[in-house]
Amino acid sequence: MYKGVVYVRRGARFVRSHVACDSLVLDGDSKAYTIPHDQVFEETAVVTHEAYTGRISEDKINYLRTRGLTEEEAKSLIVLGFISDVTEGLPFEYAMVLNRVIMLEFSKYGKVA
Amino acid sequence: MLIPSELRIKARELANKIPYQLIKDSPTVKYYTQWNLFDRCIETGGNTLSKLPQSNDYDVVIHNGELIKGVELLGDQVNIGIDPSESRIIARHLVNLREVYPIVIKGDVEDEVKVLLSYGGEQNELNSNHVIINVSDYAVVNLALSIVGNGGCGTNVVEVNVGDGATLNLLTYSTNINPSFSLIRVTEGSGASVNAYTIVVNGEMTHHREDYILQGQGASINSNSLEFGSGNSRMDYMINIMHVGEHTMSNSTTRAIALDSATVVHRGFGRITERGRWSSTSIEGKVFIGSSNAVGMSVPIIMVDTGDVNGARHSATDASIDEDQELYLRMRGLSREEAIGLVVYDMVTGFLDSISASFKGSVSQIRESLMSLIRGR
């Protein structure tokens, strides 16, 4: 769930704000909520927001499977691609751990948890 | 048709007990609708002296809760789909209501069916209108709905039931002066399709809400709206789309204009429920802030309760005239005010031109009144 407020008070001139929040739904029971509030009291401000919620495309999985990946590997690769905007900004060690955790989550070891 | 007495009793009990709104909207702006302004409105039960509207252009006219024209379209069954426990304003509406009018539209109607809900009275008098419109299965209907406030407070509720496989083209034009509450609730059957165009203009505190319930499998809604706020108007336009049936589709686009000292709020809510598998929703809003005292707010919400979703997206923008756009126009000798006026004119005419040709008559009247509003500023 994402909940957020962008509040631009009068006098905060030439403010620029952009919020993007995308959700990837991995199974039939998952839920995703996006609740933004953009409140602009200043004429010169530009406030934008965009969001998308969707599930992993079957086409993408099929494409990767034709290249020899298992379904689990394909899914983990898609998820890693989806979060790459965030992981790229992380310190290298954290990013590696996160990538590894996601890969394991989609492997047969993921069932353990 | 009179309201069932048990419903009126329940409404009377709840009208002073329950709040207008249970949960505040946000930590910063507590309420997008200033409900306290409705507290000064006094229920009249339709016993108000006011000038009757011109009824020549309309097929159905309801004024201050009384049917003035359109008896021939009346049906005989009333199934009220709103409940007083929803909120205080709904309870007050049901307390204040004189009668509910069910209208049945059968078969294909090529010309537009024009319905006018009007209210008027002294500044603090509250008048209410309620109409239930049933569109038969597989009918194709063009419905032009006007909500006109000539002073005083108003609550207007329109319930529309769209039958299986039916197509409804709905044009709503709402213009108000004092605090007003409008609720348009559309329920769609299987394979039903609604193309909605909404124009909401001004008002001291206009709360305009549209609910679309995509009940049947494969139902769809395509909504385009224009909010126009000038002077000291405060407007809260809200569109709620509930995907209940499978393979349903919704698309909502709102353009809003805030001028002078107006506050314009656009709220869009798309929810895909657990039963609404393989559905898609798109909510888009653009609020144009055309003055240093104007305020624009956007709240586009998507809630997806099932993983089996085709896609849900929303986007929102709150901004004034684009710098490049302004520079370009000013280079051609226009002042900033003239440039803003030109952008507003373009937004309004662009929207009106996009409305289906089946509403040619109504659009021409709306265009006239909007243009005089823009010119008179």
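Two strands are taken to pair if DSSP finds at least two bridges between them. With that in mind, the place to begin in this predicted model is strand β19 of chain B, where B:Ala312 serves as the bridge partner of B:Thr281. The wider pairing is between β17 (residues 280–289) and β19 (residues 311–319) of chain B, two parallel strands joined by 9 bridges.

Both strands belong to an open sheet of 12 strands with mixed pairing, ordered β2(A)-β4(A)-β19(B)-β17(B)-β15(B)-β13(B)-β11(B)-β9(B)-β7(B)-β5(B)-β2(B)-β3(B). At its edges lie β2 (16–25) of chain A and β3 (66–69) of chain B, each of which pairs on one side only. From one strand to the next, the twist averages 10 degrees.

Two helices of chain B can be placed against this sheet. Helix α4 (residues 336–354) of chain B lies across β13 (220–229), β15 (249–258) and β17 of chain B, and runs at about 150 degrees to β15(B). Helix α5 (residues 360–375) of chain B lies across β5 (109–119), β7 (140–149), β9 (167–175), β11 (193–201) and β13 of chain B, with an angle of about 40 degrees to β5(B). Strand β13 of chain B is thus crossed by α4 and also by α5.

Turning to chain A, the domain assignment gives domain 1 (1–55) and domain 2 (57–113). The C-alpha centres of these two domains of chain A are 26 Å apart.

As for confidence, chain B has a mean pLDDT of 92, and 100% of its residues reach 70 or more. For the complex, the predictor gives an ipTM of 0.87 and a pTM of 0.92.

Technical notes:
Residues numbered from 1 in each chain as written. Chains lettered and ligands numbered in written order. Predicted model: local features only at pLDDT ≥ 70, side-chain atom pairs only at ≥ 80, totals over all residues. Domains from an automatic or database assignment. pLDDT = per-residue confidence, 0-100. Helix = DSSP H or I, 4+ residues; strand = E, 2+ residues; numbered from the N terminus. Axes fitted to C-alpha atoms, helices over the stretch in contact; angles between N-to-C directions. Contact = placed C-beta atoms within 7 Å.
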